[in-house]
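Open the structure in your viewer and keep the selection tool at hand. The stops below say what to select next and what is there.

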Amino acid sequence: MPEISRFFGLVVKIYYNDNDKHHKPHVHVYYGNHEASIGLDGEVLEGSIPVKQYRLLMGWITIHEDELYDAWNKAVKQLPIDKIEPLK
């Protein structure tokens, strides 16, 4: 599972071929002991992260939406995924 970005303690990853359980584009986010699967539309599909980190993540997703959909499409096809610039 490639790590695509890391910022403010959040680690964001996309799994290859990860459309069986959650049939929508999403990322896996890790923050300390918290982890969640979050759709690129903001829906929390599984797990949880603190509200402040969720807001930071959603800001990052909004900024990098096109890159994230491109990464998702590559992951589904098992193609290499590029890193995405972190939130600064």
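The tour goes from the whole chain to two hairpins and then to single residues.

**Whole chain**

Keep in mind that this is a predicted model. Select the protein chain and colour it by secondary structure: two helices and five strands appear. Followed from the N terminus, the order is β-β-β-β-β-α-α. The radius of gyration of the protein chain is 12 Å, close to the 12 Å that the globule rule gives for 88 residues, so the chain is as compact as a globular protein of that length. Along the principal axes, the C-alpha atoms fill a box of roughly 35 × 25 × 20 Å.

Now show the surface of the protein chain. About 5100 Å² is exposed, and carbon and sulfur atoms supply 49% of that area. Of the 88 residues, 40% count as buried. Among contacts between residues at least 6 apart in sequence, 39% join residues at least 24 apart.

Colour the charged side chains next. There are 10 positive and 13 negative side chains, and the centres of the two sets lie 5 Å apart.

**First hairpin: β1 and β2**

Select residues 3–7, which form strand β1, and residues 10–13, which form strand β2. These strands run antiparallel and are joined by four bridges. Put E3 on display and look across to β2: the residue opposite is K13.

Which residue takes a positive phi in the hairpin of β1 and β2? It is F8, in a hairpin with two residues between the strands. Select F8, in the loop between β1 and β2. Phi of F8 is near 45 degrees, a positive value in a residue other than glycine. With a relative accessible area of 49%, F8 is partly exposed; the exposed class begins over 50%.

**Second hairpin: β4 and β5**

Move to strand β4, residues 34–39, and strand β5, residues 44–48. The pairing of β4 and β5 is antiparallel, over four bridges. Select S37 and find its bridge partner in β5, which is E46. Then go to the turn of this hairpin, where four residues lie between the strands. There G42 takes a positive phi near 100 degrees.

While both hairpins are on screen, a general point helps in reading them. In a regular strand, side chains alternate between the two faces of the sheet.

**After the last helix**

Finish with Q78, in the segment after α2 (65–76). Is Q78 buried or exposed? Q78 is exposed, with a relative accessible area of 51%. Although Q78 is not a glycine, its phi is positive, at about 60 degrees.

Definitions and conventions:
Residues are numbered from 1 along each chain as its sequence is written. This is a predicted model: local features need pLDDT of at least 70, side-chain atom pairs count only at pLDDT 80 or more; totals for chains, interfaces and linings use all residues. Side-chain values use heavy atoms; hydrogens and water are left out. The radius of gyration is taken over C-alpha atoms; the globule rule is 2.2 Å times the number of residues to the power 0.38. Buried means under 20% relative accessible area, exposed over 50%, partly exposed in between (1.4 Å probe, protein chains only). Contact means heavy atoms within 4.5 Å. Accessible areas come from the Shrake-Rupley method with a 1.4 Å probe; for residues, only the protein chains shown count as cover. Lys and Arg count as positive and Asp and Glu as negative; His and the chain ends are not counted. The place of a charge is taken as NZ of Lys, CZ of Arg, CG of Asp or CD of Glu. Two strands pair if DSSP finds at least two bridges between them.
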